[in-house]
Amino acid sequence: MKKILIALSGGVDSSVAAGLIKDKYDCIGATMKLYCSNDKDIEDAESICKKINIPFYLLDFEEKFKDTVIKDFIETYENGGTPNPCIVCNRILKFGSLLDKAKELGCDGIATGHYARIEENNGRYCIRKAADLTKDQSYVLYSLSQEQLSKTIFPLGEMSKSDARVIADELNFVNSQKKESMDICFVPDGDYFKFIENYTGKKFKEGYFKDKNGNILGNHKGIIKYTIGQRKGLGLALPQPMYVCEKNVENNEVILCTNDELFESEVIVNNFNWVSISNPNKEFKALAKIRYNMKEQPCTIIPTSENSVKIIFDEPQRAITKGQSAVVYYDDYVIGGGIIE
């Protein structure tokens, strides 16, 4: 019987994943102690392990989390981008450090509560969207390697969130009705500007808002405070609605434009990880999304190197944002994804 480490967050999804596979494999449960961990989540995860009678491990990855996820988060903002820390955490910690620890503990792989599916096809591991498209998390999993996918199980891929709640109730799990957290775990109040200033001790200088012609429109309160497409919270009285379209870090300027000027058709994507296919080295038609909460859009993918592509959308897309991820799909398969430049 294979031995599997189940990654437990303290939430209902990972708990149900554990409940579903505990009799199919020799299981152990593990919770990663991170910078943003709280005692209640750890307590709930340990409670689940006791309930289903499997060993529980608390693994201290706090320093690794700070050195990778938080470091990347801050540097991306400082360089004018908008990061997605969950993707970095998945790649480096959940399916990196945790998988390494699983091997140390004699496990053959890991299981998580993600809503997605893994399928082997002609010797290649593919990621497919979850059966419940309202909960699909394939977007944040595009960076996983073939090695990582070969050792990963997603028990919830074929079910809905309501199904998971029912199972949690049937198993009398303490967290069966626990609410989901939609925030970045280490910025629970959503004020990332305050978090970065407090964490780094830096004070980000004020500078100018300008339009595309270089005209000064007012003063901004620190370049990291603004994201592409933002209109509210600029603190300006302007004759027409204006939106953030660019951040010039070198000159400490935030460039504003009209809504129509936010739309672009082309995007350059680096650090592109090919998932369900290898690089075809020729252009092809597909679908792509440039943020988590959007519908995939028809486009042409042009590989420009082994790990970079140009995406040309059939219709211009609004507020393409440096630092976010572009993920490419064909039907419900994740072709791959990378970081928007």
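This report walks through the helices, cores, a pocket and some unusual backbone angles of one protein model.

The model is predicted, so local features need pLDDT of at least 70 and side-chain atom pairs count only at pLDDT 80 or more, while totals for chains, interfaces and linings use all residues. Residues are numbered from 1 along each chain as its sequence is written, and side-chain values use heavy atoms, with hydrogens and water left out.

**Two helices that meet**

Let us begin with α1 (12–21); helices (H or I, at least four residues) and strands (E, at least two) are DSSP runs, numbered from the N terminus. Of the 10 residues of α1, 9 are buried. Here buried means under 20% relative accessible area, exposed means over 50%, and partly exposed lies in between (1.4 Å probe, protein chains only). Val12, Asp13 and Ile21 are among the buried residues of α1. The buried residues of α1 pack against β1, β2, α2 (39–52), β4 (109–111) and α6, where contact means heavy atoms within 4.5 Å.

Now look at α6 (residues 161–170) from its own side. Its buried residues are Lys161, Ala164, Arg165, Ile167 and Ala168. They lie on the same side of α6 because they cover an arc of only 165 degrees around the axis, the arc being that of the directions from the helix axis to the C-beta atoms. These buried residues of α6 pack against α1.

**Two nonpolar cores**

In soluble globular proteins, nonpolar side chains tend to be buried together. A nonpolar core is a set of buried Ala, Val, Leu, Ile, Met, Phe, Trp, Tyr and Cys residues joined through side-chain atoms within 4.5 Å. The largest one has 61 residues, and Leu5, Phe65 and Phe186 are among those with the most contacts inside it. α4 gives the most to this core, with 8 residues. A second, separate core of 23 residues includes Val12, Ala18, Met159 and Phe173.

Which residues does Phe186 touch, not counting residues up to four places away in sequence? They are Tyr35, Cys36, Phe65, Val69, Ile70, Phe73, Pro85 and Phe195.

Helix α4 also holds Lys103. Lys103 is partly exposed, with a relative accessible area of 39%. Leaving aside neighbours within four places in sequence, Lys103 is in contact with Glu147 and Lys151.

**A pocket**

The second largest pocket holds about 440 Å³ of space. Among the 20 residues that line this pocket, the closest to its centre are Asp72, Thr76, Asn271, Gly323 and Ile339. On a 1 Å grid over the protein atoms alone, a pocket is an open set of points where a 1.4 Å probe fits, with protein on both sides within 12 Å along at least five of seven lines; lining residues have an atom within 4 Å of a point. Each of α3 (62–78), α4 (85–104), β12 and β17 (333–340) supplies at least two lining residues.

**Positive phi angles**

Finally, compare two residues that have a positive phi although neither is a glycine.

| Residue | Phi | Loop | Relative accessibility |
|---|---|---|---|
| Asn281 | near 55 degrees | between β12 (263–274) and β13 (284–289) | 58%, exposed |
| Ala319 | about 55 degrees | between β15 (308–318) and β16 (325–330) | 4%, buried |

Asn172, just after α6, takes a positive phi of about 55 degrees too.

Note on methods: Grid points are joined across faces, edges and corners, and a volume is the space filled by probe spheres set on the points.
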